[in-house]
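Me: Hey, I'm new to this one. Can you walk me through a few spots while I look at it?

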Amino acid sequence: MLNEILHPNSVKQPTISVSELNRQARTLLERSFLTILVEGEISNFARPSSGHWYFTLKDSKAQVRCAMFKNRNFQLRTPPQNGDRVVVKAKVSLYEGRGEYQLICEHLEPAGSGALQIAFDQLKAKLQKEGLFDTNHKKPLPKQPTHLGIVTSPTGAAVHDILTVLKRRFPGLPVTIYPTAVQGEDAPEQICRSIILAEAHQECDILIVGRGGGSLEDLWAFNDERVARTLFDCEIPVISAVGHEVDVVISDFIADVRAPTPSAAAELISPDQHQLKLRVNQLQERLMRLMNLRIEKAETQVRHLKQRLRHPGQKLREQAQRLDNLELRLHKSIKLIISAKTQKSSALSSRLKSQSPTQLLERQKDRTANLHARLTQATLTLLKQNKLKLASLMHQLNTVSPLATLERGYAIVKDEQGTVLMDTAQVSVGDQIETQLRQGRIHSRIAKITD
């Protein structure tokens, strides 16, 4: 009522709760700001038992609350300290319980290192695109190095670590140190000169290029493009041994082999002298065994040769006896061959006589005479049979012959066309006919026909 009197034109609006207000504000903040990078100084750093980190990020004029949860901060090796100047990669949000907006951090690094990391990533991508990281460009390390070259600071911890390992494992390996600065603006140029100098001397068959640990800025000389290309062009196999195992630089990708530390590089190229002594002893024992076996084998062969070796006279007598045996066998074989040939000749002679043309002709004459007699007899018999058959056939023919009928007084009457008349219907009065008697023919004309 009072509100209507004081504000007669106002419209009643719905109310919302504080929780809803904070929720909407949180949604608005998260949608309005994407992931951002914020630089500032850490204060009020807290690390409860949950593993999450809570701190304030401030500059000279303002501050903001930050939270970095356990699933993100485990990637950092060491937690930050109050007073550290850092760059955080974060999303803007709001803690609804207190109504305070805050940054949810995804990544944290010391201020100033972000630009170096970007430069590192850009150079890495560039060289990788050019193929400088390809494995087919990697040179194999010698199995037994004969001279080692070390490109590093002569007063640094790296050269001390390498020489200590070599003294323990393989003190007989010659080493040449090519001194160079490994930190600072002049370091890349000096590293390149030392690598080229080692290659020009042509005495080293392997190089270790590296230094001890340090910050990203301390190791930056080994991320220089000039150093990378000099390593790529080097004809000597190179081991990159920069910093600690977690440190990674561009030279690690270019070198033929990366070692996690300088000490590890020395371990990699140097055989253990104790292992070498053991190996030499094993080879010596093996050599002695092989030599003893060879000697025993040679002695055995000598004994066998002595047993086989005989006096020349004895061998001549054996050869003479063998010659006599061969002569006797030859005479016997000749006799057997002659006997076999004689028997074969006799058999062939008998077969030849049996196949003589004279005897064959005599047999053919006898056979021809026999066949001639048989042919004559068969001809006479056939003629006699044919005569008898002809006589029988003539008798049969005579029996049925019209001439035989004429012999008995009968006659054959034919008309003018020569057709034998069998019936009076065949002729008419006045037709001329022919009558054949046993002897002669009578031609007459019909005067009368009677049935």
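Reply: Sure. One term to start: a polar contact is a pair of N or O atoms within 3.5 Å, and within protein one must be able to donate a hydrogen and the other to accept it. Also, keep in mind that this is a predicted model.

Me: OK, so what joins the side chains of T56 and R65?

Reply: A polar contact of 3.2 Å links those side chains, T56 to R65.

Me: Where does T56 lie?

Reply: T56 is part of strand β2, which covers residues 53–58.

Me: And is T56 buried or exposed?

Reply: T56 counts as buried because its relative accessible area is 3%, and buried means under 20%.

Me: Which residues does T56 touch?

Reply: Leaving out residues up to four places away in sequence, T56 touches E41, I42, S43, N44, Q63, V64 and R65.

Me: Switching topic: how many aromatic pairs are there?

Reply: The count is three aromatic pairs. One of them is F45 with W53, an edge-to-face pair at 5.6 Å centre to centre and 65° between the planes.

Me: Which residues form the aromatic cluster with W53?

Reply: F45 and F55 join W53 in one cluster. W53 has 3% relative accessibility, so it counts as buried.

Me: What about the surface, which residues make the nonpolar patch?

Reply: L163, V175 and I177 make a nonpolar surface patch of about 190 Å².

Me: Where is I177, and how does its accessibility count?

Reply: I177 sits in strand β7, residues 175–179. Its relative accessibility is 32%, so I177 counts as partly exposed.

Conventions. Residues are numbered from 1 along each chain as its sequence is written. This is a predicted model: local features need pLDDT of at least 70, side-chain atom pairs count only at pLDDT 80 or more; totals for chains, interfaces and linings use all residues. Side-chain values use heavy atoms; hydrogens and water are left out. Patches are made of residues with over 30% relative accessible area and no salt bridge: like charges are joined within 9 Å, nonpolar side chains (Val, Leu, Ile, Met, Phe, Trp, Tyr) within 5 Å. Accessible areas come from the Shrake-Rupley method with a 1.4 Å probe; for residues, only the protein chains shown count as cover. A salt bridge is a side-chain nitrogen of Lys or Arg within 4 Å of a carboxyl oxygen of Asp or Glu. Helices (H or I, at least four residues) and strands (E, at least two) are DSSP runs, numbered from the N terminus. Buried means under 20% relative accessible area, exposed over 50%, partly exposed in between (1.4 Å probe, protein chains only). Contact means heavy atoms within 4.5 Å. Rings of Phe, Tyr and Trp (its six-membered ring) pair if their centres lie within 6.5 Å; planes under 30 degrees apart count as stacked, over 60 as edge-to-face and the rest as tilted.
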